[in-house]
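Hi everyone, thanks for coming. Today I'd like to walk you through a structure that may be new to you, so please have a look at it with me.

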Amino acid sequence: MQARSPFRYLTGYPERLTAPVRAMIADGTLGARLLAKYPQRHEVRTDRALYDYVGELKARYLRSADPLSKVAYDNRLHVIQHALGTHTAISRVQGQKLKAKREIRVASVFREGPPEFLRMITVHELAHLKERDHDKAFYQLCTYMEPDYHQLEFDLRAYLVLLEATGERPWASEDSAAETP
């Protein structure tokens with residue numbers, strides 16, 4: 001089996017955007033550049049705090065969307081499978097009614113990171129409450145909730161390249177950095 005390139009996270013982006021990321025990986029400066037651009041680490045560490053955080057964004061931008069039954073960090077979501085987070089809708093019949101249970105799960109690797117990255121992932125998953133497909137309407141909703149959505153997505157993908165290529169985690173706490181192999 002062939003090893004997959006960490007640069008696959010940037011597939012689809014033009015060379016003029018990916019070349020600087022490749023260069024920064026090669027010279028070991030990408031982590032420092034991302035940390036300089038996004039110096040703060042978010043404080044949303046627990047599932048309860050994540051539920052509240054997502055709930056606030058939902059209340060602000062998507063009041064009429066279906067309620068969420070669960071929001072949590074998920075250790076089983078691996079970014080390697082291209083899942084930064086997931087949105088699921090489970091339908092079941094209760095008596096004469098069809099009930100939908102909606103959940104958002106965020107990959108636990110994002111428990112540590114800048115607030116901008118968590119917001120981008122959250123906005124993406126919330127947009128799926130209204131738009132199923134990654135089409136024009138979906139991305140318009142994302143940029144409505146987060147005007148810098150596209151730049152944040154690119155920078156987050158650059159971080160994933162860094163993480164996979166080098167294992168460097170610029171926002172990791174001292175405790176969690178010691179736990180990582």
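I'll begin with the overall layout and then go through a few places one by one.

First, please keep in mind that this is a predicted model. The protein has seven helices and three strands. How are these elements ordered along the chain, starting from the N terminus? They run α-α-α-β-β-β-α-α-α-α, with the strands following one another in the middle of that list. There are 181 residues in the protein, and buried residues make up 43% of them. If you take the contacts between residues at least 6 apart in sequence, 67% of them join residues at least 24 apart. We will meet several links of that long-range kind, so let me go on to the details.

Let's start with a pair of helices. Two packed helices are described by the angle between their axes and the distance between the axes. Here I've picked helix 5, residues 136-145, and helix 6, residues 149-166. Their axes come within 8 Å and cross at roughly 95°. An angle from 65 to 115 degrees counts as roughly perpendicular, and helix 5 and helix 6 are therefore roughly perpendicular to each other. Which residues meet there? From helix 5 we have Y139, C142 and T143, and from helix 6 we have Y149, H150 and E153. By character, the residues of this contact divide into three nonpolar, two polar and one charged.

Now to the aromatic rings. A pair of aromatic rings is described by the distance of the centres and the angle of the planes. Searching the whole structure gives eight aromatic pairs, and I'd like to show you two of them.

One is formed by Y13 and F154. The ring centres are 4.9 Å apart, with 75° between the planes, and the pair is edge-to-face. Where do the two partners sit? Y13 is in the segment before helix 1 (15-27), while F154 is in helix 6, so to speak a long way down the chain: they are 141 residues apart. As for the surroundings, Y13 is partly exposed, with a relative accessible area of 24%, whereas F154 counts as buried at 11% relative accessibility.

The other pair is F117 with W171. Their centres are 5.6 Å apart and their planes are at 75°, so this pair is edge-to-face. F117 belongs to helix 4, residues 115-130, and W171 to the loop between helix 6 and helix 7 (174-179). The pair therefore ties together parts that are 54 residues apart in sequence. Buried or exposed, what would you say for F117? F117 counts as buried, at 2% relative accessibility, and W171 is buried with a relative accessible area of 3%. There is a bit more to see here, since ring pairs link Y38, F117, Y159 and W171 into a cluster.

Rings can also have a charge over them. The charged end of R8 sits over the ring of Y9, 4.8 Å from its centre. R22 lies over the face of F7, at 4.3 Å from the ring centre.

To finish, here are some individual residues.

R119 has its place in helix 4, and at 18% relative accessibility R119 counts as buried. What does R119 touch, leaving out residues up to four places away in sequence? The list is Y53, L57, Y61, M145 and E146. Between R119 and Y53, which are 66 residues apart along the chain, the C-alpha atoms are separated by 9.0 Å.

H128 is found in helix 4 too. H128 counts as buried, at 13% relative accessibility, and its C-alpha atom is 9.4 Å from that of L141, 13 residues away along the chain.

Over in helix 6 we find A165, which counts as partly exposed at 36% relative accessibility. Apart from residues up to four places away in sequence, A165 touches P6 and I25. A165 and I25 are 140 residues apart along the chain, yet their C-alpha atoms are separated by 7.8 Å.

And lastly A36, which sits in helix 2, residues 30-37. A36 is exposed, with a relative accessible area of 61%. From C-alpha to C-alpha, A36 and P170 are 9.9 Å apart in space, with their positions 134 residues apart in sequence.

That's my tour; thank you for listening.

Technical notes
Residues are numbered from 1 along each chain as its sequence is written. This is a predicted model: local features need pLDDT of at least 70, side-chain atom pairs count only at pLDDT 80 or more; totals for chains, interfaces and linings use all residues. Side-chain values use heavy atoms; hydrogens and water are left out. Axes are lines fitted to C-alpha atoms, for helices over the stretch in contact, and angles run from 0 to 180 degrees between N-to-C directions. Helices (H or I, at least four residues) and strands (E, at least two) are DSSP runs, numbered from the N terminus. Angles under 35 degrees count as roughly parallel, over 145 as roughly antiparallel, 65 to 115 as roughly perpendicular and the rest as oblique. Contact means heavy atoms within 4.5 Å. Ala, Val, Leu, Ile, Met, Phe, Trp, Tyr, Cys and Pro count as nonpolar, Asp, Glu, Lys and Arg as charged, and the others, Gly among them, as polar. Rings of Phe, Tyr and Trp (its six-membered ring) pair if their centres lie within 6.5 Å; planes under 30 degrees apart count as stacked, over 60 as edge-to-face and the rest as tilted. Buried means under 20% relative accessible area, exposed over 50%, partly exposed in between (1.4 Å probe, protein chains only). A charge sits over a ring if NZ of Lys or CZ of Arg is within 6 Å of the ring centre and within 35 degrees of the ring normal.
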